[in-house]
Amino acid sequence: MVEQINIMVGGEAGQGVQSVGHLLARAFARWGYRVFADQDYESRVRGGHNFFRVRASRAPVGAILETLDILIAFNRESIDLHRAEVGKDGVIIYDGEKIKDVTGDKLISLPLEKLAVEAAGDRMMANTVALGTALALPGYDLPLLTGLLRDYFGGEAGEKNVKAAQAGYEQTRKLASSTFTKKLSATEAPTRMLVSGNEAMALGAIAAGCKFMAAYPMTPTTPIMEYLASKAKDYGIVVVPAEDEIAAINMVVGAGYAGVRAMTATSGGGFCLMVEGLGLAGMTETPVVIIEGQRAGPAIGLPTRTEQGDLEFILHAAHGEFPRAVLAPSSVDECFWSVVKAFNLAEKYQTPVLVITDQHLASSYATVDRFDVSKVKIDRGLLFRGDGDYKRHAYTESGVSPRAFPGKQKALVVTDSDEHDEAGHLTEDAGTRLLMMQKRLRKLYGLKKDMVVPHNHAKKGETLLIGWGSTQGAIEEAAENLRKDSHKVNRLHLNELWPFPAEAVALAMAEAKHTYVVENNATGQLARLIRRETGKQVDASILKYDGRPFTPALIIDQVLKEGC
Amino acid sequence: MVTVKDYTGLTSAWCPGCGNFGILQAVKKALVDMGLEPWQVLLVSDIGQAGKLPHYTQGNVFNSLHGRALPAALGAKIANPELKVIVIAGDGGAYGEGGNHFIHTVRRNHDVTYLVHDNQVYGLTKGQTSPTSDFGFVTKTTPEGAPLPINPITLAISVGATFVARAFAGDVDFLAGLIKAGIQHKGFALIDILQPCVSFNHKNTFAWYRERVHKLEEGTYKPGDKNTAYITAQEWGDKIPIGIIYREERPTYEDSLPALKQGSLVDQPIEPHRVEKLFSEFV
């Protein structure tokens, strides 16, 4: 059995659920563990019910588990809602002086607030006391924890947190240590980075040389703009908090036209407003990168929850026909690399590139090996040099015309949202229209060659689970567990969706015993796309559209029901 | 030396006698007077007949979407602040479709010049009401008469404009002077240009304007006084003031961006390895 632990922190918004959860995850990362942590929160600033789950393991992890070893409950609701998830050897830590008359088993009451006041003179430090408690139970190393807190908070705040954590840690060792039997030990592994999907995308943008971002805050991708804004000064990036998403995308198109790598990030609702601007980028052949973090729609939907409901929308958004690329990172690590690739494709093909993710992946944290920046290659595509004749939209075999930047040479850079001629001037001439449409659409051939071919993990005759984007971790673990039970199940995962890898998918399906598509939506959008692009129908769709992510167990149940 | 010949563009598709011709002439004159060459200039336009102006002269051109000329222009200006950015729109794009962009661009004080061809009617769609149509103006979409128009001048002043002018397309030299002043102004410059539409606005004609417009005399009129400007901006009807109605100095949006201290973004190198320094934040 792999050494692992699963901890949930639950409470109201404003009680420090996020910060305790995040510190727990960091603590295990410093112990050399692999961590996957996800967040479940309501659309409110204070109150409600939120939780943060941290799974730490010696083996790679990409999904959450249902069974909890430790539940830290900051309010009664957290106990009521989640006690059924606590495993038979698990415990619930709560402050019995604050949450009175709780009965049942597995309970460990500690005076978190009282300890916080005694140790740190601040009852708000109760959450740090709880952190010390949770880490004492499996036998975490106290000096490592105090070091983390000092690094994290620094100065006086760091010392206060250290005192609070120590109080929780020591009290737990004294009173409760024996009631929790799962003990973990340090690993020899180096500390990996603990990064959220959003942070990985932001780091990818910096690595790729993004110089301009305009956006309007929208869950779940707001942290990308906040992170880039926090680095704007040191990294020479401009982040414009635009008046709306329409302004954001048009600013990005303007910046892309002027010659800098530019992007925006939003969610489905904000992307709805950007659609006309997307077409503008297609028509003017302007490189732009758009990150779309899906959440449950339509309209405002479930604003803080996850869904993969925008796939078909993203593939077809905007009127008219123009080339685009759609990437769908399937892990936190891929979030970094997809954004790097998006900037290269956008400039190489001078067209919009969409990076599609969702609340689950964007807000989840995972340990990753340091991104190997030496592998970041910058491809700015065909550039025009010199001062001679220049036609921004010159016809070429590849469809890609050399790009010049306005004001950087005598040659003028002219483009138009109207159909235009090679020089960029508007025209309604039918012949020119045909040639221009063909030129733009030819770029899809090159683009397709730059897409990775998805790897089919299944052998001939096995049952194939097909997924895309954020579901990879859960599908991978489900398939692995099914194989452990002697079921012949494996997977094919798509992290680059358009141009669609039709040949690879068709071949994998032809060799499979059964094919099931696993996706976080109600109507089976990937299954439909597969049918459209390959002419093949999958045997069944395993769907989830309650705004919550898949767990391996849910997938296993469904696969066994369908038969494998 | 740059001459007006250097600004010769394609043949226009405008109606004979259109107010746009005066504006086009004034733009060319202002750019030549300033000694700017076409490659130094970026013309970003909206759609409609006004939006075609860039094609009828010379310069870098980004012909954008309806209502979205401003945000596209702002992105380009931030990416390369060395460009002289002139944004061209009609009253529909500027004050209707792009109204939100307008108030926020004014507020943030981006260093671009906004020429609004204000003919108080939708021309290219053939004669419907616009946000600046006079009260009671009868069109195909307002058979009972148009509602109260927006006053772009008071609106701009109220949301923090640093340069607001009104001009008349029938007075090319005066308009050229205002465009020049607008380009020279550090910050956002709005020039609302009264532009007769010879095909669809038979009320606000060249003759109608000529009888009414009067120039705000430099020296006697003080554009630095906000209250006076606000009152002046509301003059309409028998007497319509043209000239710089309000002006103040305030740092521009671009001034506030630390990333631009090293020069244009477009000139900055891409150095992927620099991101590595950030990785220690995550352990």
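Seven bridges tie strand E11 (residues 288–294) of chain A to strand E13(A), and the two run parallel. Strands and helices here are DSSP runs, numbered from the N terminus, with at least two residues (E) for a strand and at least four (H or I) for a helix; two strands pair if DSSP finds at least two bridges between them. Before we go on, please note that this is a predicted model, in which local features need pLDDT of at least 70 and side-chain atom pairs count only at pLDDT 80 or more, while totals for chains, interfaces and linings use all residues. Residues are numbered from 1 along each chain as its sequence is written, chains are lettered from A and ligands numbered from 1 in the order in which they are written, and side-chain values use heavy atoms, with hydrogens and water left out.

**A covered strand**

Within the E11–E13 pairing, A:Glu292 stands opposite A:Ile356 of E13(A). Strand E12 (residues 325–327) of chain A also pairs with E13(A) in the parallel sense, over three bridges, and there A:Val326 has A:Leu354 as its bridge partner. To get from E12(A) to E13(A), the chain passes through helix H12 (residues 332–349) of chain A in a right-handed β-α-β crossover. Right-handed means that, with the strands pointing away from the viewer, the path from the first strand over the helix to the second runs clockwise.

How many residues of E13 (residues 352–358) are buried? Seven of its seven are, where buried means under 20% relative accessible area, exposed over 50%, and partly exposed in between (1.4 Å probe, protein chains only). In a regular strand the side chains alternate between the two faces of the sheet. In E13(A) both faces are covered: A:Pro352, A:Leu354, A:Ile356 and A:Asp358 are buried on one side, and A:Val353, A:Val355 and A:Thr357 on the other.

**A buried glutamate**

A:Glu519 sits in strand E19 (residues 515–519) of chain A. This residue is buried yet has no salt bridge, and the nearest side chain of opposite charge, A:Arg528, is 7.5 Å away. (Lys and Arg count as positive and Asp and Glu as negative; His and the chain ends are not counted.) What does the side chain of A:Glu519 meet in a polar contact? Its partner is the side chain of A:Trp468, at 3.2 Å. A polar contact is a pair of N or O atoms within 3.5 Å; within protein, one must be able to donate a hydrogen and the other to accept it, and residues adjacent in sequence count only if both atoms are side-chain atoms. In addition, a polar atom of the A:Glu519 side chain lies 2.9 Å from the backbone nitrogen of A:Leu526.

**Backbone details**

Most residues other than glycine have a negative phi, and most peptide bonds are trans. A cis peptide bond joins A:Thr219 and A:Pro220, with omega about 10°; A:Pro220 lies in the loop between strand E8 (212–215) and helix H8 (222–235) of chain A. Another cis peptide bond joins A:Trp498 and A:Pro499, with omega about -5°, and A:Pro499 is in the loop between strand E18 (496–498) and helix H16 (502–511) of chain A.

A:Ala299 has a positive phi near 55° and is found in the loop between E11 and helix H11 (311–316) of chain A. A:Ala318, with a positive phi of about 90°, lies in the loop between H11 and E12 of chain A. Are these alanines buried or exposed? A:Ala299 is exposed, at 71% relative accessible area, whereas A:Ala318 is buried, at 15%.

**Salt bridges**

The count over all chains is 40 salt bridges, each defined as a side-chain nitrogen of Lys or Arg within 4 Å of a carboxyl oxygen of Asp or Glu. Here are some of them:

| Salt bridge | Closest N to O distance |
|---|---|
| A:Lys231 and B:Glu281 | 2.5 Å |
| B:Glu82 and A:Lys408 | 3.9 Å |
| A:Lys448 and A:Glu503 | 3.3 Å |

The partners differ in exposure: A:Lys231 is buried at 12% relative accessible area, while B:Glu281 is partly exposed at 33%. B:Glu82 lies in the loop between helix H3 (69–79) and strand E3 (84–90) of chain B and A:Lys408 in the loop between strand E14 (365–368) and strand E15 (414–416) of chain A, so this pair joins two chains. B:Glu82 is exposed at 52%, and A:Lys408 is partly exposed at 33%.

Notes. Lys and Arg count as positive and Asp and Glu as negative; His and the chain ends are not counted.
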